[in-house]
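Student: Hey, got a minute? I have a structure open here and I'd like to talk through it with you.

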Amino acid sequence: MKLHLPLFKAITSTILPFSLMLLGKWNFGTPFFNSPGKFIIWFIFGYFYTNFFEWWYHNYWLHKWRTPLRVGHACHHAKLHGENFRTRDKNRLEATTTSWYIFPALFVVHNIIFVAFFGHENTIAFFSGITFHFTICYEIAHWLTHVKNNMIDKLVEKIPILNKLREKQIEHHRIHHAEYQINFNFSPPYAGDIIFKTKK
């Protein structure tokens, strides 16, 4: 449990602002979404937007620009490098998750802008895609990529197709830790890396 505490903090800091947004926009007796098809389109848009935003944020804020956040990210690379890329050392793994305040801050700014332009219902669907991508495809998957001998490894190795996909994702991220200026997207479909030719 102590090993995974940073992950639980990161998930909480993601789920909490999303849940508060839902509570703030919930009219009792009124459904959140009038059109399931429209919800799915906005959800997918949120998912892909987050994938592209992840590339931009990672590339510029954590690597190229001299920001305070870059120091913490450099620590992540230093602690999880070479033979320590996958580890069970909790001191090294503490540098794996996003700082607790980053997602809520970005969430508030994005929420204000998107409600103004697209309305509440579309924003809820959009942020459902964002929250799903950031929580499942980024935070949890990134954590499990760096945690050696985790439960997912044991489960996925029994399913050949999933095991192959996971091995490719781990290798994609391992290259980033080794070469630093490529593979800024952690999760598929690697939108920014493909568009801006930083994928190896």
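Student: Let's start with Asn 183. Where does Asn 183 sit in the chain?

Tutor: Asn 183 is in the loop between helix 7 (160-179) and helix 8 (191-195). Keep in mind as we go that this is a predicted model.

Student: Okay, a loop. Is Asn 183 buried or exposed there?

Tutor: Buried. Its relative accessible area is 0%, and buried means under 20%.

Student: Which residues does Asn 183 touch, leaving out those up to four places away in sequence?

Tutor: Asn 183 touches His 172, Ile 175, His 176, Asp 193, Thr 198, Lys 199 and Lys 200. With His 172 there's some polar detail too: a polar atom of the Asn 183 side chain lies 2.8 Å from the backbone oxygen of His 172.

Student: Cool. Zooming out, how many helices and strands does the chain have?

Tutor: There are 8 helices and 0 strands. Reading from the N terminus, the elements go α-α-α-α-α-α-α-α.

Student: And what size of box do the C-alpha atoms fill?

Tutor: Roughly 55 × 40 × 35 Å, taken along the principal axes. The radius of gyration is 18 Å, which agrees with the value near 16 Å for a compact globule of 200 residues.

Student: How much of the chain is buried?

Tutor: Buried residues make up 44% of the 200 residues. As for the outside, the chain exposes about 11400 Å², and carbon and sulfur atoms supply 69% of that.

Student: What about contacts between residues at least 6 apart in sequence: what share of them join residues at least 24 apart?

Tutor: That share is 70%.

Student: New topic: helix 1. How far apart are its end C-alpha atoms?

Tutor: They're 28 Å apart. Helix 1 has 20 residues (5-24), and at 1.5 Å a residue it should span 28 Å, so the two agree.

Student: Which residues of helix 1 are buried?

Tutor: Pro 6, Leu 7, Ala 10, Ile 11, Ser 13, Thr 14, Pro 17, Phe 18 and Met 21. They cover an arc of only 155 degrees around the axis, so they are on the same side of helix 1.

Student: What do those buried residues pack against?

Tutor: Helix 5 (102-146). The face of helix 1 turned away from the buried side carries the exposed residues Lys 9, Leu 20, Leu 23 and Gly 24.

Student: Since helix 5 came up, where does His 146 lie?

Tutor: His 146 lies in helix 5. His 146 counts as buried, because its relative accessibility is 0%.

Student: What does His 146 touch, again leaving out residues up to four places away?

Tutor: The list is His 76, Leu 80, Phe 85, Arg 86, Thr 87, Leu 93, Thr 96, His 173 and His 177. In the case of Phe 85, its backbone oxygen lies 2.7 Å from a polar atom of the His 146 side chain.

Student: One more histidine: where's His 73, and is it buried or exposed?

Tutor: His 73 is in helix 3 (residues 68-79). At 11% relative accessibility, it counts as buried, since the cut-off is under 20%.

Student: Which side chain makes a polar contact of 3.0 Å with the side chain of His 73?

Tutor: That's His 58. Leaving aside neighbours within four places in sequence, His 73 is in contact with His 58, Leu 62, His 63 and His 176. You've met His 176 already, as one of the residues that Asn 183 touches.

Methods: Residues are numbered from 1 along each chain as its sequence is written. This is a predicted model: local features need pLDDT of at least 70, side-chain atom pairs count only at pLDDT 80 or more; totals for chains, interfaces and linings use all residues. Side-chain values use heavy atoms; hydrogens and water are left out. Helices (H or I, at least four residues) and strands (E, at least two) are DSSP runs, numbered from the N terminus. Buried means under 20% relative accessible area, exposed over 50%, partly exposed in between (1.4 Å probe, protein chains only). A polar contact is a pair of N or O atoms within 3.5 Å; within protein, one must be able to donate a hydrogen and the other to accept it, and residues adjacent in sequence count only if both atoms are side-chain atoms. Contact means heavy atoms within 4.5 Å. The expected span of a helix is 1.5 Å times one less than its number of residues. The arc is that of the directions from the helix axis to the C-beta atoms. The radius of gyration is taken over C-alpha atoms; the globule rule is 2.2 Å times the number of residues to the power 0.38. Accessible areas come from the Shrake-Rupley method with a 1.4 Å probe; for residues, only the protein chains shown count as cover.
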